[in-house]
Each structure stands twice: as C-alpha cells, then as structure tokens.
Amino acid sequence: MSSLTMRPCGDFRTSYKQDNTIFETRTIRNFAIIAIALLCAAPYLVDAYYLTLFIQISYLGIAALGLNILVGYTGQISLGHGAFFGFGAFASAWMNVSFGIPVVFCIPLAGFLTMGVGMVFGLPASRIKGLYLAIATLAAQFILEDFFARADWFSGGSAGSSADPISLFGFAFDTDESFFYVALFALVFMYIWGCNLMRSREGRAFIAVRDHYLSAEIMGIKLNKYRLLSFGVSSFYAGIGGALYAHYLGYVSAEGFTLFMSIQFLAMIIIGGLGSVKGTLMGVVFMVFLPEVLESGVGLMKMTEWGNIPMVVDGLAYIKEMAIGLVIILFLIFEPEGMAHRWAQIKNYWKFYPFSY
Amino acid sequence: MQHKAKLSSLFVCCALGMSTQVLAKDTVFVGHLADMSGPTAFVGKNYADGVRDSLAYINANGGIKGTTLEYETIDYAYKVPQAIASYKKWHSRKKMVAMQGWGTADTEALISFVAKDKVPVFSASYSGHLTDPTGKNPHTKKPAPYNFFYGASYSDACRGLVQWAAQDWKDKGEKGKPKFTHIGANHPFPNAPKQACAEYATELGFDVQPAVVVSMKPGDFKAQCLSLKSSGSNYGYIGNLGGSVLSLVKSCNTVGTDIQFMSNIWGGDKKIFSAAGEGIKDYVFPTMTPFWTDDVPGMKLVREISKQSDESGKEVRVHHYIRGVCSTFFMKEAMEWAKDNGGITGENIKKGMYARKNWVPKGLEGACLAANWTNEDHRGINQVNIYKGNYNGGDIAVEKVSQVTLKRRDDWLGY
C-alpha cells in the first residue's frame with residue numbers, strides 16, 4: 001500500500017505513523033521538496049519585485065500561522081495580533097541596538113519576549129470566551145500601539161528605531177536576493193515546526209480545547225494552561241514575523257501596527273482556512289497578491305490611450321480598493337471553509353475524474 | 001467545468017500581472033506614491049495632483065533637456081506593504097532614478113532601501129529626522145542621505161509658530177508666562193515636532209503643558225477641549241489634519257475655550273475653513289507657498305501646470321497642490337544638472353540638489369521659496385510664512401501675520 005503514490009479512495013490508515021504524517025503521500029512530499037528547491041533558485045530567475053512579495057508572504061505567513069494556531073486550532077480569538085507583530089519588530093531592533101546582541105539571536109529572543117507579552121494579554125482567556133475575549137485582546141492592541149508611540153527608550157517614539165540587517169560570519173543579508181534565503185528558511189522552519197506542534201500532545205490538547213472544552217477538561221486537559229500556551233505560541237510566531245519584518249526594512253515606525261493589521265491577519269486565516277497550516281499559507285499568498293494583481297490591472301488601463309487620464313486612473317484606484325473588499329465577501333459566501341477546503345475539492349475532482357461524486 | 005473556468009480566469013489574471021511595459025528610448029523613470037483613497041487622502045489628493053500635473057507638464061514641454069519622464073502614479077492608500085512592493089517593482093524593472101513619495105509611513109519604511117539603492121526620494125513627510133543626511137547630530141537615529149522634501153520640517157514650522165506666538169503675546173501686552181500645549185494623535189506624524197517644539201517653547205519662556213491627545217479620526221473632542229480650558233492654555237499646536245481638525249475646532253467652540261490654535265502645514269487650508277464655517281476664528285497656520293489667487297510671477301506657471309488636469313483653468317487649488325509642484329520642479333532641475341554632469345542617475349540627482357544656493361526653480365519665482373540643500377544639511381527651507389484665516393461669512397479671509405526665518409542651529413539638525 002505504501003508503495004502507491006496516490007492515496008486510495010477513503011481512509012485506510014492502519015497505524016499511528018500513517019495517521020501522523022505531515023505529507024499525506026510520498027508524491028506530495030516530493031512535490032514540496034522540489035518546490036522548495038526551485039524556490040532556492042528564485043533569486044537567479046525572477047526580479048526584486050517578486051522576491052519582495054515572497055519576503056512579505058514569508059513574514060506575514062509566519063505571523064498568520066501563529067494566529068491560526070490560536071484561532072483555528074485552539075478556538076480562541078485575538079484582535080491584537082498586529083500589535084504583537086509590531087512588538088516583535090521593536091523588541092528585536094531594541095535588543096540589537098541597546099545590548100549589541102547579534103541580529104540572528106535577536107530574532108528568536110524577540111519571539112520569546114513577544115511570547116511573554118502575549119501570555120500576559122492572554123490571561124483573560126482563562127476566564128472569558130468568545131466576543132468578550134475578543135474585546136479583551138483588543139485592549140492589547142490599543143495598549144501596545146500607545147506604548148510604541150510613547151516609549152522612547154524602547155521604540156524610539158515618533159522617530160522610530162533603526163534595525164541592522166541580519167549578518168552571519170561577516171556576510172550581511174541586506175539585499176532582496178540574500179534576504180530571500182533568510183525568509184525562505186524562516187518560513188519553512190516555522191511551518192514545519194507548526195505542523196509538528198499540531199502532531200504533538202500539545203497540539204492535540206489545543207484541538208480538544210477547541211472542539212469541546214468541557215469534554216477536554218473531563219479528559220484531564222488543563223484548560224487554562226493550554227489556552228495560555230496557545231496565546232504564547234501565537235505571539236511567538238507574531239514576534240518572529242515582526243522581527244524579520246524589522247530587519248528586512250531596516251527601520252521600524254510605530255505607524256504600521258494598527259488594528260487594521262490585526263484584522264488583516266484574521267482575514268488571511270479565514271480566507272485560507274481556519275485550522276489548516278496549508279490554508280494559512282494560501283490565505284497569505286492570496287492577500288498579498290490580490291492588491292498587486294489589481295494594481296497591474298490598473299497599470300494596463302493606464303497604458304491605453306483613453307485610460308491614462310487622471311479621472312479614469314483615480315476612479316480605478318477606488319475600484320481597486322473596493323474590489324479587495326468584494327473579493328473577500330465573495331470568498332466568504334462561496335467558500336466559507338477557506339481555500340484549503342477548495343483545494344481539497346479540486347484535488348478530489350481530478351483524482352476521481354470523470355467519476356466524481 | 002466550473003473549476004476549469006476558474007482556473008483559466010486565474011491564469012489570465014496572472015498573465016496580466018506579469019506583463020511588463022516596454023521602455024521607449026531616452027526616458028528615465030520616476031515613481032509617484034500617492035494616497036488618494038486612504039486616511040490622509042484629505043490633503044493627499046491635492047498634493048498628488050500637483051506632482052502629477054507637473055510631471056505631465058514637464059513632458060509636454062521638452063522633458064529633462066530632451067529626456068522624457070516615464071512615470072507611474074500608484075495610490076497606495078497609506079499601506080506600507082503596497083508602498084514597498086511598488087518601490088521594489090519600480091526599482092528592479094523600471095530602473096527608477098527618483099521618486100515622489102507621500103506620507104510618514106511610506107517614507108520611513110523606505111529610508112534604508114533608498115539609501116542603499118541610491119534613489120532620491122522627495123517626500124511630503126516633513127519629519128525633522130529626515131534632515132540629517134550624515135548623522136552629524138547625535139540625536140539622529142538613522143541618517144537619511146537620500147531623503148529630500150520641499151518645505152520647513154514639522155519641527156521648524158512649529159518653532160516658527162512658537163516664535164510668532166511669543167511675539168503675539170508681547171504685542172497683546174499680556175502679563176505672565178503664556179501656556180503652550182501640543183494637541184494631536186499619538187502617532188508619528190503629529191508627534192514628530194512634539195519634543196523639539198516644546199523645548200524651543202520653554203526656551204522662549206512658555207509654560208509647556210502636558211500634550212493633549214486627540215484622535216486622528218474625527219469625533220467628539222469636548223473632553224479634550226475641556227482639559228484645554230481647565231489648563232488655561234493660551235496657544236495650542238494642532239498636529240493632526242483633515243476631519244480631525246474640524247471636529248476639534250467645533251468641539252472647542254461648543255466648550256468655549258479661549259485658545260489660539262496654530263496648526264501644522266497640513267491642517268490649514270481653504271477646505272478646512274469652508275467646512276468649519278463660522279466657528280473658525282483667527283486660525284493660524286504656516287505655508288511654504290503663496291495661495292492660488294495671489295499675484296506673484298511664479299503663479300503663472302503654476303496655473304499653466306494646473307491646466308494639465310483642468311483644461312478650463314477654473315479649478316481653485318489649495319496650497320498643498322503648489323507644494324507638490326515645487327517638489328517636482330526642484331527634482332526636475334536637479335535632474336537637468338545631473339544630465340549635464342554625467343547622466344541622470346540617482347547619485348547625480350542627489351549631487352544636483354547641492355549644486356545651487358538660494359535656489360528657486362525657473363519660472364516659479366515667488367511660488368517656491370529659495371532653498372539651500374547641502375550634503376550635511378537637508379533643511380532645504382528654513383523660512384516659515386505664517387497666516388491667519390477667518391471664515392468671514394463664506395468669503396474666507398487670509399492675511400499674512402509673520403514671516404519667520406529660523407537659524408540653522410546644529411542642535412536642531414535632524415530633530
């Protein structure tokens with residue numbers, strides 16, 4: 001059975017090992033490895049525009065996976081993820097500048113620092129649920145946003161703080177081409193880590209808390225511990241994503257980490273698929289590419305004779321903004337379970353072609 | 001079938017996305033980031049029109065000594081990721097030589113990139129910390145060697161207003177220490193001059209009150225106005241723009257505060273006066289250009305430029321538009337210098353910015369102030385024109401009350 005490249009119709013898993021694999025079949029695993037190998041060659045094949053989009057996908061994707069662990073896997077909610085992302089960015093720059101810690105160490109340290117902050121703001125989760133928790137985490141957003149603007153010693157206040165590029169053995173990763181590898185490594189590492197977390201005892205506990213907290217408690221799962229842990233892991237991911245963002249840009253300003261960013265993270269995981277690692281990445285890719293594809297649509301209009309007058313171009317800018325909202329609504333109506341679900345359906349369709357049911 | 005249709009439409013989208021333009025001969029590319037639909041669109045649109053019309057005008061009149069400007073305006077709606085992506089696209093595909101930027105968010109996110117890629121950026125973010133290109137002042141967190149802007153920095157404009165306020169206090173024959181308060185959202189843009197301005201106000205003998213935080217979004221600000229009233233502030237610096245300023249003025253009228261408002265450059269224009277109506281009294285704001293109706297030689301060219309998007313020439317532009325024109329024309333003349341001195345590249349344009357003293361772009365005499373940029377000091381303009389405006393029953397009356405020239409103090413560089 002294991003020699004087959006395709007999984008047969010129905011679930012025929014007979015061992016824990018089969019139940020536990022990251023990739024369902026060998027083909028999928030091979031495809032994933034080939035895709036990563038191809039991505040390694042990307043800096044030689046595509047220009048900085050695509051590289052910068054990939055780097056965006058990487059740091060946003062890492063943070064979004066954190067939120068999916070919290071929302072999709074543990075069934076909690078957070079409206080402060082954007083602020084945690086920002087905290088990671090500032091923390092990493094701050095440790096590098098103030099204490100002279102090399103950037104490579106600052107990034108994971110920033111993750112742990114953000115984890116601590118996230119767990120503090122996650123404390124209410126042990127008492128409250130649902131909308132109440134959402135509002136409690138909203139407080140994190142506002143408190144941290146204000147903190148960034150005021151704490152001169154930490155974030156540089158309104159002047160912002162500068163962040164050095166990552167350097168390893170004297171080589172500075174300060175171009176898109178070189179930073180691409182850092183982003184790729186971080187993305188693959190954090191996603192494998194996320195997959196493994198979900199296969200572990202803690203991951204199963206998260207899912208149990210999500211599916212029925214009372215049953216989970218009866219089975220001996222400490223609700224408070226796992227809810228808090230989930231907040232911690234989620235913030236850790238946000239912190240790593242934020243730190244990568246800081247050292248990519250070389251400069252962090254308090255302006256970017258608004259509530260809008262938190263909502264956008266939620267939109268990414270809802271569009272991609274709650275409770276799916278693969279879906280998270282799909283949602284992030286979608287949200288990063290959507291404005292760019294629409295922008296190039298506007299760009300094409302501008303190339304035509306009748307399209308390049310300010311009235312049309314400005315009008316298109318508004319349409320572009322509205323289109324982003326429209327696409328999100330359409331997605332929620334026609335694919336409420338996210339892109340991961342749609343992907344599974346497409347795969348099934350072709351697998352059983354022409355005898356789909 | 002459904003899936004196939006979806007897939008094919010996806011491919012079409014991708015193909016559209018990847019198509020690139022073919023470059024014509026002898027052109028250079030200038031990127032233009034604008035906010036026409038985001039949170040700063042209230043003034044962003046006017047400024048963007050100024051830049052865009054100027055670029056079109058330059059092309060229609062011979063370009064940069066024969067070199068055509070290829071340009072693209074992107075409405076990034078004040079979103080940093082889109083600003084970065086646009087910048088990278090322009091830099092890698094179009095070999096951008098210079099960029100006209102917009103706000104605090106995009107300008108600061110791009111400081112490191114433009115310094116490394118050697119692309120001069122002409123922003124409409126006038127933060128003081130963009131003025132120290134070499135990091136001479138220990139205050140400076142991050143030198144910004146490739147950032148330029150036309151106008152006095154937020155800090156310098158606020159210093160000018162404070163200087164006017166000190167004189168105003170004396171002229172009125174008031175006794176005692178006047179009280180000064182910074183009013184604005186807790187965000188980088190309103191906060192940019194906060195500390196610098198408060199320090200100068202203290203130096204001039206003001207009693208500086210704790211800052212009052214007013215949201216950037218319009219709302220009910222009576223609570224803030226009450227605290228202004230109870231602290232007895234005499235002079236208030238407004239750091240916000242657009243609807244937020246309107247709400248503040250209206251709320252404070254209801255409460256009945258007796259405070260002299262002084263706004264930052266983005267918070268005072270015709271639109272504010274006509275929207276605020278009778279409530280707005282003796283509102284003081286700085287400008288770096290004359291107004292649309294002023295009769296100075298340079299305005300003739302500005303009105304010609306305006307016809308690029310308004311053929312009738314009837315539209316009345318606010319002064320932000322003229323600043324957009326000035327910003328673009330300083331860039332244009334620096335590019336001309338660059339063309340004569342080794343070709344239009346980012347590095348040469350930067351050198352071109354330092355080539356002249358008391359520099360006014362040709363044809364814009366009186367419209368743009370004389371500027372001096374040096375390789376150690378990016379405070380191009382150190383003059384602040386201060387105006388006082390009244391609604392005056394719909395016939396908005398604006399009078400010049402002062403012109404302050406600030407000293408180029410070393411401890412103010414980049415701060």
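**Figure 1. Helix 3 and helix 4 of chain B run roughly parallel to each other, since the angle between them falls under 35 degrees.** Like every view here, this one comes from a predicted model. The two helices, residues 80-93 and residues 104-117 of chain B, pack at about 25° with their axes 9 Å apart. Helix 3 of chain B goes past helix 4 of chain B in a right-handed crossing. On the helix 3 side, look for Val80(B), Ala83(B), Ile84(B), Tyr87(B), Lys88(B) and His91(B). Helix 4 of chain B answers with Ala105(B), Asp106(B), Ala109(B), Leu110(B), Phe113(B), Val114(B) and Asp117(B). Sort the residues of this contact by class and you get nine nonpolar, one polar and three charged.

**Figure 2. Here is where chain A and chain B meet.** Chain A puts 49 residues into the contact and chain B puts in 50 residues. Between them the two chains bury about 4,300 Å², with 55% of that on carbon and sulfur atoms. As for salt bridges, the rule picks out two across this interface, while the structure has 24 over all chains.

**Figure 3. Asp47(A) and Arg93(B) form a salt bridge through their side chains.** The N to O distance is 2.7 Å. Asp47(A) sits in the loop between helix 3 (42-45) and helix 4 of chain A, and Arg93(B) belongs to helix 3 of chain B, so this pair joins two chains.

**Figure 4. Asp176(A) pairs up with Lys88(B) in a salt bridge.** Their side chains come to 2.7 Å, N to O. Lys88(B) may look familiar: this residue is also one of those that helix 3 of chain B uses in its contact with helix 4 of chain B. On the other side, Asp176(A) belongs to helix 9 (residues 176-199) of chain A.

**Figure 5. Helix 4 and helix 9 of chain A lie roughly parallel to each other, as their crossing angle is under 35 degrees.** Helix 4 spans residues 48-73 of chain A, and its axis comes within 9 Å of the axis of helix 9, crossing at roughly 20°. The crossing of helix 4 of chain A past helix 9 of chain A is left-handed. Their contact has 18 nonpolar residues, along with four polar and two charged.

**Figure 6. Helix 2 and helix 11 of chain B cross at roughly 95°.** That angle makes helix 2 of chain B roughly perpendicular to helix 11 of chain B. The helices cover residues 41-60 and residues 299-306 of chain B, and their axes come within 8 Å. From helix 2 of chain B, Asp53(B), Ser54(B) and Tyr57(B) meet Leu301(B), Glu304(B), Ile305(B) and Ser306(B) of helix 11 of chain B. The class count for this contact is three nonpolar, two polar and two charged residues.

Terms used: Residues are numbered from 1 along each chain as its sequence is written. Chains are lettered from A and ligands numbered from 1 in the order in which they are written. This is a predicted model: local features need pLDDT of at least 70, side-chain atom pairs count only at pLDDT 80 or more; totals for chains, interfaces and linings use all residues. Side-chain values use heavy atoms; hydrogens and water are left out. Axes are lines fitted to C-alpha atoms, for helices over the stretch in contact, and angles run from 0 to 180 degrees between N-to-C directions. Helices (H or I, at least four residues) and strands (E, at least two) are DSSP runs, numbered from the N terminus. Angles under 35 degrees count as roughly parallel, over 145 as roughly antiparallel, 65 to 115 as roughly perpendicular and the rest as oblique. A crossing is left-handed if the near helix is turned anticlockwise from the far one by less than a right angle, and right-handed if clockwise. Contact means heavy atoms within 4.5 Å. Ala, Val, Leu, Ile, Met, Phe, Trp, Tyr, Cys and Pro count as nonpolar, Asp, Glu, Lys and Arg as charged, and the others, Gly among them, as polar. Buried area is the accessible area (1.4 Å probe) that two parts lose on being put together, summed over both. A salt bridge is a side-chain nitrogen of Lys or Arg within 4 Å of a carboxyl oxygen of Asp or Glu.
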